[in-house]
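Biologist: I am new to this structure and should like to learn how to read it. Might we go through it one feature at a time?

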Amino acid sequence: MTVKGSIKAVADIWTAYYSGLRHLFHRSYTLRFPEQRLVVEKGYRGRHLLHLDRCTGCGICAWICPEKCITIVPRGERWYPQYFYGRCCFCHFCTDYCPEYALEETVEFDLAEYTRDRLVWSPERLARPPAGKNDKYVFSVETSRGASNIPRVGAKPEK
Amino acid sequence: MTSVVSSEPSESGSQTLTISVGPQHSGSGHMRLIIEMDGDIIIRASPDPGYVHRGTEKIYELRNIIKNIPVIERPAIIDASNLNHAYIRAVEELQGIEAPPRAQYLRCLLNEMNRITSHLYWLSIFGVFLGHTTMFMWPLGDRELIVDLQEKLTGARITHSYIVPGGVRRDLPQGMKEEAIKRTQYLEKRLEEYDKIFFENPIFTARAKGVGKLSRDEAVKLGAVGPALRGSGVDYDVRKDEPYAAYPELDFNVCTRQEGDSYARSMARIDEIRESCKLIRQIVQKIPSGPFRRKAPIVVPRGESYSRVESARGECSVYLIGDGGDKPYRLRFITGSYRNMAIIAPVLIGGHMADMPTAWWSIDYWPVEADR
């Protein structure tokens, strides 16, 4: 390697180091879930919300479901869908195809359970509106620093 | 890795060593790569695909066309919408319907965002296999910006199920235009930093330049597609050569590099990210008003259709036969990685074993997409 080449190589390596080291003073990309979580806006395809008064039990949701995770179960005189979230792929074709608008998507996404039985959501459980998580710090993806904390209205910014 | 020392000397009188790389992801992805070495030089390389074969083509015959959408996306979830687009275009051709212009733009918007996220995902894997941990972290972090945009548009981060026969499922949300412009501009700025830390870094260029050479003639002869072909200087892109959706109305360049080595293939992808950023800005500014979905029947009329799109890893094509029912009679589905399997051996042979990760990952071969 020529002297000129060596100097260029050293300069380029220093540039690489410098551009990496500058980011030591930037905020981290990673969040400490579940204390910190990303903002999930309305329209996110999370778990389903069932409006019992609108549902006619026609079964179109069970027919269109690609993963066969919906079973239509009787409740007295009426029939309602029951979801098995172990199979659901959250495509929400059921919500799209419901002729009575009885299904709705919610922003609730952390549905992990310890037992398989708990993954079966009965119509009554689906009808419950999502419980507000006590989010201490809510973050949003921001261009200036990668993922950084933009407090949602009402949430405290992180110190 | 398992190794076998051949008992019989080769023609040159030396013994060779056969190594299995993979299939449990020891640097090869989910497939086995059988490499025969003479000393440190690779003298034979044969891919052994099929480890993650799931028989999706048979599954498509058992489900109706809407239920097929999530399954079509599964082979390459980081590039889901491009595969989905190829399928939906084949279905629409048989049904004789065309999506409204606004839907065509929205499809292109999601396709370009998917191309960026797929290339950034590749870059992070490429970086970590070359021992550059920062290049593993940064692209995955910046990918979040685009994944978040996809979530705003479709409601899901990766498997969108967004493109359906007759259009798309949702309209452009409010504030998306400004956000898309801001984020793509930021990403372009970040790409300059990537250049400084990685692509102009002498440690990387020494490992990538001249490694895994694939000549122009060989790339054409073996039927390479995507950035692996464009890295060898062939100006071929389905978006330009057989324009579909809104691409005829958009202004973009096909990114080619002449050298045909690992560095050229990598840079072809980085140039493509830049072009995709420009395309996204063009789409959100040019998008026409009007409906975004048209009514379409859940039926595949009798007949045959063929469609192809440019996915992130190359040309993806769907050949569909319908028999008048709601399920496809036959759906042949070929992806970019499957076509690029032919260039694995010529790229690796003649190189050092230590250069294998560079040459291998510069192809961006995705075993799940190839095995289907």
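Modeller: Let us start with the largest nonpolar core, bearing in mind that this is a predicted model. The core has 115 residues, and those touching the most other members are B:Tyr87, B:Val91, B:Leu109, B:Ile343 and B:Leu348.

Biologist: Which helix of chain B gives the most to this core?

Modeller: Helix H4 of chain B, residues 101-129, does so, with twelve residues.

Biologist: Why does the core lie between domain 1 and domain 2 of chain B?

Modeller: One looks at where the members come from. Domain 1 (2-48) and domain 2 (77-335) of chain B both contribute residues, so the core lies between them.

Biologist: With which residues is B:Tyr87 in contact, leaving aside its neighbours within four places in sequence?

Modeller: On that basis, B:Tyr87 is in contact with B:Ile72 and B:Val318.

Biologist: How should I read a single position, and is B:His160 buried or exposed?

Modeller: One counts the surrounding C-beta atoms; 20 or more within 10 Å make a residue buried. B:His160 has 27 other C-beta atoms within 10 Å, and is therefore buried.

Biologist: Where is the place of B:His160 in chain B?

Modeller: B:His160 belongs to the loop between helix H5 (133-154) and strand S5 (163-164) of chain B.

Biologist: What is B:His160 in contact with, its neighbours within four places in sequence left aside?

Modeller: Its partners are B:Ala80, B:Ser81, B:Leu110, B:Gln150 and B:Thr154. Take B:Leu110 as a case: it is 50 residues from B:His160 along the chain, and their C-alpha atoms are separated by 9.3 Å.

Biologist: Let us turn to chain A. How many helices and strands has chain A?

Modeller: Chain A has four helices and eight strands. To read their order, one follows the sequence, which gives the pattern α-β-β-α-β-β-α-β-β-α-β-β. Among the 159 residues of chain A, 19% count as buried. For contacts in chain A with a separation of 6 or more, residues 24 or more positions apart account for 63%.

Biologist: How many residues of chain A are in contact with chain B?

Modeller: There are 24 such residues of chain A, in contact with 29 residues of chain B. On the side of chain A that touches chain B, helix H1 (3-21) and helix H3 (93-97) of chain A each supply at least two residues. H1(A) gives the most, with seven residues.

Biologist: What classes of residue does that side of chain A have?

Modeller: By class, the side of chain A touching chain B has 13 nonpolar, six polar and five charged residues.

Key: Residues numbered from 1 in each chain as written. Chains lettered and ligands numbered in written order. Predicted model: local features only at pLDDT ≥ 70, side-chain atom pairs only at ≥ 80, totals over all residues. Contact = placed C-beta atoms within 7 Å. Nonpolar A, V, L, I, M, F, W, Y, C, P; charged D, E, K, R; others polar. Buried ≥ 20, exposed ≤ 12 C-beta atoms within 10 Å, placed from the backbone. Core = buried A, V, L, I, M, F, W, Y, C linked by C-beta atoms within 7 Å. Domains from an automatic or database assignment.
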